[in-house]
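Colleague: Got a minute to walk me through this one? I'd like to start with the helices.

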Amino acid sequence: MDYVTLDKLIEDLNLETIYCADNINKVKINKSDVNRPGLQLAGYFDYFAYERLQIIGNVEWYYFDSLDEQVKLERIEKMFSYPIPAVVIARDLEAFPEMIQFAKEKNRTILRTEYSTTKFVNLLINYLDDVLAPEITVHGVLVEVYGMGILLTGKSGVGKSETALELIKRGHRLIADDAVEIKRVEDDIRGTAPEIIRHFMEIRGIGILDIERLYGVGAVKKWEFIDMVIELEFWDENKEYDRIGLDEEYTEILGIKIPKLVIPVRPGRNTAMIVEVAARNNRQKILGYNAAKELGERVKNEINKRKKDYHKVD
């Protein structure tokens, strides 16, 4: 999402409205930065970040309270003359009459929160980082296997949901089935399900399943970081599949490279078990151990050893 409207932010963060402008549904916030207008209350308006939410904490409130009445009027009038999205007063502090006066004149919004300034700023920035993060929706199934987020992709009917169902029976957790909403949060990729289909799964021949009701709250999860992509495809006899694992394959999602495996599917293969092993193996690689490289080193050392023994005999 490129922006969040002020009315949605007020609702999501449960902010108290002291004065509400008549256009809060049109006020767009598109940056996760905030501003504490201490310098502006002191009269310095060069480089004023007016496009950000303005946070009034203890320091700003008590400084403003110490000003002469005429100076208060001048500073607030000038600050509210800029198209600021809103002013948020922390710690349940009172709104000054001058603020309310110019909020009405300039059509600006004044909000209040009970949180301390630092706590609210952290809460607000985390919220804005989340809602403003780059986002895409992909067709697939997202499951948590041994604490790792595994995105199962592949053509329709290849068995993604059936594999996920078997994983759930084995004690792993479902995040999303069919549609996966993916966001980039800093350098991580996070997946979740659209609210309307969260915890539901479609199995051909049965229909819609409510995984939370069938298997309990421990079988589902709201979101998970994506650590690996596994593409399921129908077995192709003419295709040569990787049997060693030395060549690392990656796919790019929202600019982030994610390890990828292609697993062929055919009757008799326990795909869920293979996904479990892939998750364990990927964790080993993250921790610095690669079984394929270890085997390669052993073979290389054995060849070198035999060469030395051959030269000694010769």
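**Helices and cores**

Modeller: Sure. Helix 1 covers residues 6–13, and its buried residues are L6, L9, I10 and L13. Keep in mind that this is a predicted model.

Colleague: Why are the buried residues of helix 1 on the same side?

Modeller: They cover an arc of only 100° around the axis, so they sit on the same side of helix 1. There is a general rule behind this. An α-helix has 3.6 residues a turn, so residues three or four places apart point the same way.

Colleague: What do the buried residues of helix 1 pack against?

Modeller: Several strands and a helix. The strands are strand 1 (4–5), strand 2 (16–19), strand 3 (28–29), strand 5 (53–56) and strand 7 (110–112). The helix is helix 6 (117–131).

Colleague: How do helix 1 and helix 6 cross?

Modeller: Their axes come within 12 Å and cross at roughly 125°. Helix 1 and helix 6 are therefore oblique to each other. The crossing is right-handed.

Colleague: Which residues make that contact?

Modeller: Helix 1 brings K8, L9, D12 and L13. Helix 6 brings F120, L123, L124, Y127 and L128.

Colleague: What follows helix 1?

Modeller: N14, with a positive phi near 55°. N107, just after helix 5, also has a positive phi, of about 60°.

Colleague: OK, helix 5 then. Which of its residues are buried?

Modeller: Helix 5 runs over residues 97–106, and E98, M99, F102 and A103 are buried. Seen down the axis, they fall within an arc of 130°, so they line one face of helix 5. On the other side, P97, K104 and E105 are exposed.

Colleague: And what does the buried face of helix 5 pack against?

Modeller: Its buried residues pack against strand 2, strand 5, strand 6 (87–89) and strand 7. They also pack against helix 3 (58–65) and helix 4 (69–81).

Colleague: New topic. How many residues are in the largest nonpolar core?

Modeller: It has 27 residues. V143, I150, M201, I211 and I230 have the most contacts inside it. Elements giving two or more residues include strand 8 (135–145), strand 9 (148–154) and helix 9 (271–286).

Colleague: What is V143 in contact with?

Modeller: Leaving aside neighbours within four places in sequence, V143 contacts M148, G149, I150, A164, L167, R173, L174 and I175.

Colleague: What about a second core?

Modeller: There is a separate one, of 23 residues. Among them are A21, V34, I55 and V121.

Terms used:
Residues numbered from 1 in each chain as written. Predicted model: local features only at pLDDT ≥ 70, side-chain atom pairs only at ≥ 80, totals over all residues. Heavy atoms only, no water. Buried < 20%, exposed > 50% of the residue type's maximum accessible area, 1.4 Å probe, protein only. Helix = DSSP H or I, 4+ residues; strand = E, 2+ residues; numbered from the N terminus. Arc of directions from axis to C-beta. Contact = heavy atoms within 4.5 Å. Core = buried A, V, L, I, M, F, W, Y, C linked by side-chain atoms within 4.5 Å. Axes fitted to C-alpha atoms, helices over the stretch in contact; angles between N-to-C directions. Parallel < 35°, antiparallel > 145°, perpendicular 65-115°, else oblique. Left-handed = near helix turned anticlockwise from the far one by under 90°.
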